[in-house]
Amino acid sequence: PGPLWVLERANPPVKIGAMDASARAKLIEPVRVAQEDSKGFKELSFADLNIASPVIPGDIAMIAKCDKALSTALAPRFASWLNLNSLEDANFFPEALKAAGMKRVEVRALPGPKEKPTDEQAVAALEAMDSLPRPLMIQCSTGKRGAILWLLWMAKKYGYSPESAKLIAEDCGVQYGPPHLKEWVMEQLPSPTSAPVFRPTQSIILCQLFEPVSSTYTYLLACSATKEAVLIDPVIQMQDRDMERVRDLGLTLRYVLNTHCQADHISAGGSICNEHQHVRTVISKASGARADVLVEPREKIKFGTLSLEALPTPGHTDGCVCWLLPGPRNLVFTGHTLLIRSCGRTDFQHSDPVRLYDSIHKELFSLPGDTLVYPGHDFQERNASTVEEERRFNPRLTKSKEEFVQIMRQEVSPYPKQMDIAVPWNKVGGVQDDVEIFV
């Protein structure tokens with residue numbers, strides 16, 4: 001759902017999307033037809049057109065100044081056209097677009113680069129982004145406002161924190177205006193420390209919770225119809241906060257799920273189950289740890305109308321699983337297996353870099369590109385990513401297997417501060433009477 005490609009005459013081009021060979025062929029032919037009537041395109045080349053094609057494929061394109069002939073030539077390739085200037089824009093030809101077969105042509109004016117959009121302007125433009133049929137062309141004077149709108153739309157759609165939005169903008173080469181506009185975009189996005197509630201689809205309630213000592217993410221996931229819920233990777237010191245969130249949202253907790261036997265914190269699962277007898281703990285059988293439910297690969301845990309599938313992803317430990325929630329847009333909770341632009345360490349707990357590389361490429365990178373990735377850790381306040389982003393931009397996992405293994409074997413990581421306490425506790429489900437918790 002990101003951009004497809006960008007077309008503009010201004011230099012430098014706004015680099016937001018990708019265009020494969022077939023897309024280029026589809027674009028170039030109508031432009032060839034129009035070139036005799038379109039000043040400046042006599043000697044046609046991609047450099048003349050300023051088509052930027054760096055990264056993520058999708059169904060949104062952007063164009064800056066555009067004459068009538070080029071607009072007419074491009075119209076059959078798009079279902080809708082969104083202009084961010086005004087009806088009086090000299091480079092906007094709505095009647096020509098409609099005559100050429102464009103289904104919907106709309107205007108959502110945003111102010112120039114010296115001003116911030118009002119809340120009403122931003123909401124109207126975002127609603128247009130949501131509702132207009134694809135493929136969609138966005139037009140503004142230089143591409144900067146289009147870039148701002150796209151970044152804000154994508155970040156809100158995926159529930160990205162400011163740092164996650166900055167990361168995708170950097171990786172995609174998004175040039176989104178002067179500092180005050182960058183600040184405005186980031187102000188619209190939730191901080192991961194605020195425990196925001198997301199609704200990825202109508203059937204799902206998702207709350208991401210952060211524990212600052214180990215930089216661990218815990219996930220409260222619920223069925224909106226039945227209010228049955230699960231907790232993924234809760235931390236014992238944050239148990240009261242997590243259970244308060246369950247109560248505040250009117251949920252009934254059914255399961256505490258673990259992605260693996262943690263070394264950097266003690267799981268709250270056993271303690272929660274002691275206080276709430278109807279809750280059951282879950283971990284993979286391969287972990288060798290104790291729990292109420294020991295899952296095999298691809299086994300499913302059902303709650304309400306939803307179910308999470310245990311994807312076997314050994315490597316960081318020999319018992320790691322990632323929890324996949326299938327749907328119109330998949331969600332996958334990756335624990336320490338796949339992190340944002342990184343991955344779990346492979347120097348303890350029966351870890352193996354070869355298995356980790358194979359697990360990620362087989363089980364995770366085979367998922368649809370728009371699958372949302374929710375990691376178990378992040379140390380830079382980034383909260384989410386997608387499979388497509390990690391396939392393209394993860395600096396370790398875009399290497400060959402041999403290079404990856406070499407990197408991981410040369411890496412020297414500090415000994416986890418709570419490992420000597422956490423692993424024994426978590427092996428027995430997080431409940432021991434003769435071990436003191438060090439906070």
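This is a short chat about a pair of helices and a pair of cysteines in a predicted model.

Trainee: Let's start with helices. What describes two packed helices?

Mentor: Two things: the angle between their axes and the distance between those axes. Here, take helix H11, residues 353-364, and helix H13, residues 401-410: their axes come within 9 Å and cross at roughly 130°.

Trainee: How do I put that angle into a word, and which hand does the crossing of H11 and H13 have?

Mentor: The angle makes H11 oblique to H13, because it lies outside the 65 to 115 degree range for roughly perpendicular and isn't over 145, where roughly antiparallel begins. The crossing of the two helices is right-handed.

Trainee: Which residues make the contact?

Mentor: From H11 you have Pro-353, Val-354, Leu-356, Tyr-357 and Asp-358. H13 brings Lys-401, Phe-404, Val-405, Met-408 and Arg-409. Sort the residues of this contact by type and you get seven nonpolar, three charged and no polar.

Trainee: On to the cysteines, then. How many disulfides does a search of the whole structure find?

Mentor: Zero. To call a disulfide, you want two cysteine sulfur atoms within 2.5 Å. Cys-320 is in none, and its nearest cysteine sulfur, that of Cys-322, is 7.3 Å away.

Trainee: Why is there no bond from Cys-322 to Cys-320?

Mentor: Cys-320 holds the closest cysteine sulfur to that of Cys-322, but at 7.3 Å it's too far for a bond.

Trainee: Are Cys-320 and Cys-322 buried or exposed?

Mentor: Buried means under 20% relative accessible area. Cys-320 is buried, at 3%, and Cys-322 counts as buried too, at 0%.

Technical notes: Residues numbered from 1 in each chain as written. Predicted model: local features only at pLDDT ≥ 70, side-chain atom pairs only at ≥ 80, totals over all residues. Heavy atoms only, no water. Axes fitted to C-alpha atoms, helices over the stretch in contact; angles between N-to-C directions. Helix = DSSP H or I, 4+ residues; strand = E, 2+ residues; numbered from the N terminus. Parallel < 35°, antiparallel > 145°, perpendicular 65-115°, else oblique. Left-handed = near helix turned anticlockwise from the far one by under 90°. Contact = heavy atoms within 4.5 Å. Nonpolar A, V, L, I, M, F, W, Y, C, P; charged D, E, K, R; others polar. Buried < 20%, exposed > 50% of the residue type's maximum accessible area, 1.4 Å probe, protein only.
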